[in-house]
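Got the viewer open? Let's walk through this one together, one selection at a time.

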2 protein chains.
Amino acid sequence: MTAPGAGTGAARRGRPRSEAAERSIREAVVALLEEGLPLGDISIERIARTAGVGKATIYRRWADKEELFVDVLRDIEPPDPDLPGTSARDDLVVMLESVRLRGLAQRSSALLHNVRAQMKSHPRLWDAYVATVIDPRRAMVLEILRRGVARGEIRDDLDIDLLNDLIVGPMLVRAVMRPDAPLPGDLAERMVTAVLEGLGPPSA
Amino acid sequence: MTAPGAGTGAARRGRPRSEAAERSIREAVVALLEEGLPLGDISIERIARTAGVGKATIYRRWADKEELFVDVLRDIEPPDPDLPGTSARDDLVVMLESVRLRGLAQRSSALLHNVRAQMKSHPRLWDAYVATVIDPRRAMVLEILRRGVARGEIRDDLDIDLLNDLIVGPMLVRAVMRPDAPLPGDLAERMVTAVLEGLGPPSA
C-alpha cells in the first residue's frame, strides 16, 4: 500500500527529484491516449513535447514506447481483487466481477476504449499487456480452479485450461467483445452459478 | 448453390459484362488486405488503381469503402453450417465447430488476421461486420437454444442471452482472443458437453 513513487520505488527509479518528470511523462501519455490518437501517432518525441521534458529523460526510464505504454496501462488497472477464500465459487464470482468492472470502465473511458481497440494491431504492445496484466489474472483463476478441484468443489476430469475458458469466457465476451451488451450487477454470480450447475435440465 | 454472379445475382447487379470489373475490384481489396495494409490506407482510389478500373465503377456498386470491405469479408466467410437437428447438443457442437474453424482460418490468413486486428478501430466497418456476419450466426445459436429449452434439453430458468454467452463465450475466447491457445479437433464437443453437464462435482 506504498504510494506510487515513494520509498523503494524512488530508490529503484533514481533521484527523487526526477519523480516530477516521471509523473509528467505518464500524464502526457494518458492525455494523448484520451484524445483518441492512434497509438502509432504517439511518438516518444510527441510525449516528450507534451510532458515538457527531453526525449533522453524518457529513455532513461523506459527502453521504448511499448514499455512506457504498458507501464501506464498497468497503473490504470485496478488492483488485483481480494479473494474471500470461502469457496471456489465465491472466489470465481469475485474474479468475474473484476472482469465486469473492467468492461464497464472500458466503456466509459475514451482512453481504455481507444487503447483496447488498437492494441491488437500493435503486437509488441499487446504481448507486453498480456504478460503484465492479463497473465497474472489468468494465473489467479487457474489457482482458484486447482484448489477447487483439490477440494472436490469442481469436477476433476477436465483440463484446467478448459475449465478456465468455460468460467471466464462468457464474461470476457460480454464485457469486452460485445460493447453494447448489458452488464448487470448480478451477472458474475449468475454466470458462475450457471456454469457450475450446468445448462442441461436439473434431472440430467 | 448458384455460382456467384450467375443468374439472379447478375440481374440484380446490372449488365453481365460488368462482372469482370466487380471481380477485379474484390480481388484488389483481398490483395491489399493480404499485404497487411492498415484499413485506413486502403482508399477507394487505391483499390481502383489496383483493380484497373475507375473510381466511378466502384461507386456504382458500393456506397462506400465500408460497404465494399464488408461485402468482401462476407464472401470469404464459410457458409452457415448445416445443423443436424438431432438435438440442441449436436447443433451447438456444430455451431462451436464453425467458430473453431474460423479461429484456425484467422490464424493462418494474413488477411483475416489483419482485418480482425484493426476492425475495432473502425466502428462503421465493425458495425457492418456485426450486422452481416456475426448477428446472423448469433441468431442461429439463439434459435437452437430456444428449441432446446422448449424440448426440455436445456434448463428453462436462464435468459437466452446468458445461455448464448455461456455456450459460445468459451470458444470465442479460445479461438479469437487467445491466438496462441490450442484448438484441438474435439474442443467443440468437449466444451458443449462440459457446459451442459456443469463444472461442479457429478454429485452436485
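Here is a tour that starts with a whole chain, moves to the interface and ends at some salt bridges.

**Stop 1: chain A on its own**

Keep in mind that this is a predicted model. Select chain A and show it as a cartoon: you should find 10 helices and 0 strands. Its C-alpha atoms fill a box of roughly 70 × 35 × 25 Å along the principal axes. Colour by accessibility, and 48% of the 204 residues of chain A count as buried. If you look at contacts in chain A with a separation of 6 or more, 62% of them come from residues 24 or more positions apart.

**Stop 2: the two copies**

Now bring chain B back. What rotation superposes chain A on chain B? A turn of 180°, with 0.0 Å of shift along the axis and an RMSD of 0.0 Å. The two copies are thus related as by a two-fold rotation axis. The contact surface is the same in both copies, with 98% of the contact residues of chain A recurring in chain B. To find the axis, click on A:Gly198: of the residues of chain A, its C-alpha comes closest, at 1.7 Å.

**Stop 3: the interface**

Select the residues where the chains meet: 40 in chain A are in contact with 39 in chain B. About 3,400 Å² is buried between chain A and chain B, and carbon and sulfur atoms give 59% of that. Show A:Arg155, A:Met177 and A:Leu199 as sticks; this trio supplies 22% of the area that chain A buries against chain B, more than any other three residues.

Next, the polar side of things. Between chain A and chain B there are 8 salt bridges. Zoom in on the one between A:Asp159 and B:Arg190, where the closest N and O atoms are 2.4 Å apart. Polar contacts across the interface of chain A and chain B come to 18 residue pairs.

Which elements of chain A give two or more residues to the side that touches chain B? They are α7 (110–119), α8 (123–150), α9 (160–177) and α10 (187–197). Highlight α9(A), which brings the largest share, 14 residues. Coloured by type, the residues on this side of chain A divide into 21 nonpolar, 7 polar and 12 charged.

**Stop 4: helix α7 of chain A**

Hide everything but α7(A), then switch the rest back on as a surface. This helix is largely enclosed by the rest of the structure, because 8 of its 10 residues are buried. Among the buried ones are A:Leu111, A:Leu112, A:Asn114 and A:Arg116.

**Stop 5: the loop between α5 and α6**

Move to A:Pro84, in the loop between α5 (65–76) and α6 (88–108) of chain A. Is A:Pro84 buried or partly exposed? Partly exposed, with a relative accessible area of 44%. Leaving aside residues up to four places away in sequence, A:Pro84 touches A:Asp90, A:Asp91 and A:Val94. For A:Pro84 and A:Val94, the C-alpha atoms are 8.1 Å apart, with their positions 10 residues apart in sequence.

In the loop between α5 and α6 of chain A you can also pick A:Asp80. A:Asp80 forms a salt bridge with A:Arg137, with 2.7 Å between the closest N and O atoms. A:Arg137 sits in helix α8 of chain A, so the pair ties together parts that are 57 residues apart in sequence. A:Asp80 is partly exposed at 45% relative accessibility, whereas A:Arg137 is buried at 10%.

**Stop 6: around A:Arg26**

Select A:Arg26 in helix α2 (residues 19–34) of chain A. A:Arg26 is buried, with a relative accessible area of 16%. Its side chain makes a polar contact with the side chain of A:Asp71 at 3.0 Å. Add A:Asp75, whose side chain meets that of A:Arg26 in a salt bridge (2.4 Å, N to O). A:Asp75 belongs to helix α5 of chain A, so this pair ties together parts 49 residues apart in sequence. Unlike its partner, A:Asp75 counts as exposed, at 51% relative accessibility.

**Last stop: a pair in chain B**

Jump to chain B and select B:Arg61 and B:Glu22, whose side chains form a salt bridge (3.6 Å, N to O). B:Arg61 is in helix α4 (residues 55–61) and B:Glu22 in helix α2 (residues 19–34), 39 residues apart. Both residues are buried. Back in chain A, select A:Glu22, A:Arg26, A:Arg61, A:Asp71, A:Arg74 and A:Asp75 together: salt bridges that share partners join them into one network.

Methods:
Residues numbered from 1 in each chain as written. Chains lettered and ligands numbered in written order. Predicted model: local features only at pLDDT ≥ 70, side-chain atom pairs only at ≥ 80, totals over all residues. Heavy atoms only, no water. Least-squares fit on C-alpha atoms with pLDDT ≥ 70 in both. Contact = heavy atoms within 4.5 Å. Buried area = accessible area lost by both parts, 1.4 Å probe. Salt bridge = Lys/Arg side-chain N within 4 Å of Asp/Glu carboxyl O. Polar contact = N/O pair within 3.5 Å; in protein donor to acceptor, adjacent residues only side chain to side chain. Helix = DSSP H or I, 4+ residues; strand = E, 2+ residues; numbered from the N terminus. Nonpolar A, V, L, I, M, F, W, Y, C, P; charged D, E, K, R; others polar. Buried < 20%, exposed > 50% of the residue type's maximum accessible area, 1.4 Å probe, protein only.
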